[in-house]
Amino acid sequence: MEFSSKLLEKAVYEMSQLPGIGKRTALRLVLHLLKQPKEQTGLLSQALLTMREEIKFCQSCHNISDVAVCEICSNSNRDHQVICVVEDIRDVMAIENTGQFRGIYHVLGGKISPIDGIGPSQLNIPTLVEKVKSGNIRELIFALSSTMEGDTTNFYIYKQIKDYDVITSTIARGISVGDELEYADEVTLGRSILHRVPFENSFKNT
């Protein structure tokens, strides 16, 4: 792709680094920004910079937040004895959109994947285990994607906490095997939360 301006080329390159954005889409977006008033582009730039500099991760669940403890964890109307374990922030958003879950979350920040060089120590697993050890947790709901890596992560955590007095369950397999949680429709995902099954059954029957 030939550019008449190095400034345009640089802007297109940086835009194309975003996931799902190819060079042509990036060019279209950059040209759109050029047509907008400078103030509009400035607002976008400032919003991105402010987010990058000031956004926090919840000290309790590792979800994104504007404050030290996110709104979900600080909500006294949520059931703090039930934790839904998810892979990343997008999964929290997906489950919240169902309106079916009233507990709290724990964001692992990924899943165990030796082929990608991701081990348990690189995830937010130790803080989850500490929560269980505290004795204040009644149930852990494993809501990771139903992939080999997701199942491996579920089983690793289960082995870490199986000797403690806590119920372990997993979302019902209304979510197709191999599917990513964030792409499930809200009705299916909501039913999977409501009809969760004991985690032990999920691997004894496979």
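This briefing describes how selected helices pack in the structure above. The structure is a predicted model. Two helix pairs are treated, helix 1 with helix 2 and helix 5 with helix 6, followed by the buried residues of helix 4.

**Helix 1 and helix 2**

- Helix 1 spans residues 6-15 and helix 2 spans residues 23-35; their axes come within 8 Å and cross at roughly 120 degrees.
- This angle makes helix 1 oblique to helix 2, and the crossing of the two is right-handed.
- From helix 1, Leu8, Ala11, Val12 and Met15 take part in the contact, and they meet Lys23, Ala26, Leu27, Leu29, Val30, Leu31, Leu33 and Leu34 of helix 2.
- By class, 11 residues of the contact of helix 1 with helix 2 are nonpolar, one is charged and none is polar.

**Helix 5 and helix 6**

- Helix 5 (residues 125-133) packs against helix 6 (residues 148-161) at an angle of about 40 degrees, and their axes are 10 Å apart.
- Helix 5 and helix 6 are therefore oblique to each other, with a right-handed crossing.
- Helix 5 contributes Ile125, Leu128, Val129 and Val132 to the contact, while helix 6 contributes Tyr156, Ile157, Gln160 and Ile161.
- The contact of helix 5 with helix 6 comprises seven nonpolar residues, one polar residue and no charged residues.

**Helix 4**

- In helix 4 (residues 89-98), the buried residues are Asp91, Val92, Ala94, Ile95 and Thr98.
- These residues lie on the same side of helix 4, because they cover an arc of only 165 degrees around the axis.
- Gly99, just after helix 4, has a positive phi of about 70 degrees.

Conventions:
Residues are numbered from 1 along each chain as its sequence is written. This is a predicted model: local features need pLDDT of at least 70, side-chain atom pairs count only at pLDDT 80 or more; totals for chains, interfaces and linings use all residues. Side-chain values use heavy atoms; hydrogens and water are left out. Axes are lines fitted to C-alpha atoms, for helices over the stretch in contact, and angles run from 0 to 180 degrees between N-to-C directions. Helices (H or I, at least four residues) and strands (E, at least two) are DSSP runs, numbered from the N terminus. Angles under 35 degrees count as roughly parallel, over 145 as roughly antiparallel, 65 to 115 as roughly perpendicular and the rest as oblique. A crossing is left-handed if the near helix is turned anticlockwise from the far one by less than a right angle, and right-handed if clockwise. Contact means heavy atoms within 4.5 Å. Ala, Val, Leu, Ile, Met, Phe, Trp, Tyr, Cys and Pro count as nonpolar, Asp, Glu, Lys and Arg as charged, and the others, Gly among them, as polar. Buried means under 20% relative accessible area, exposed over 50%, partly exposed in between (1.4 Å probe, protein chains only). The arc is that of the directions from the helix axis to the C-beta atoms.
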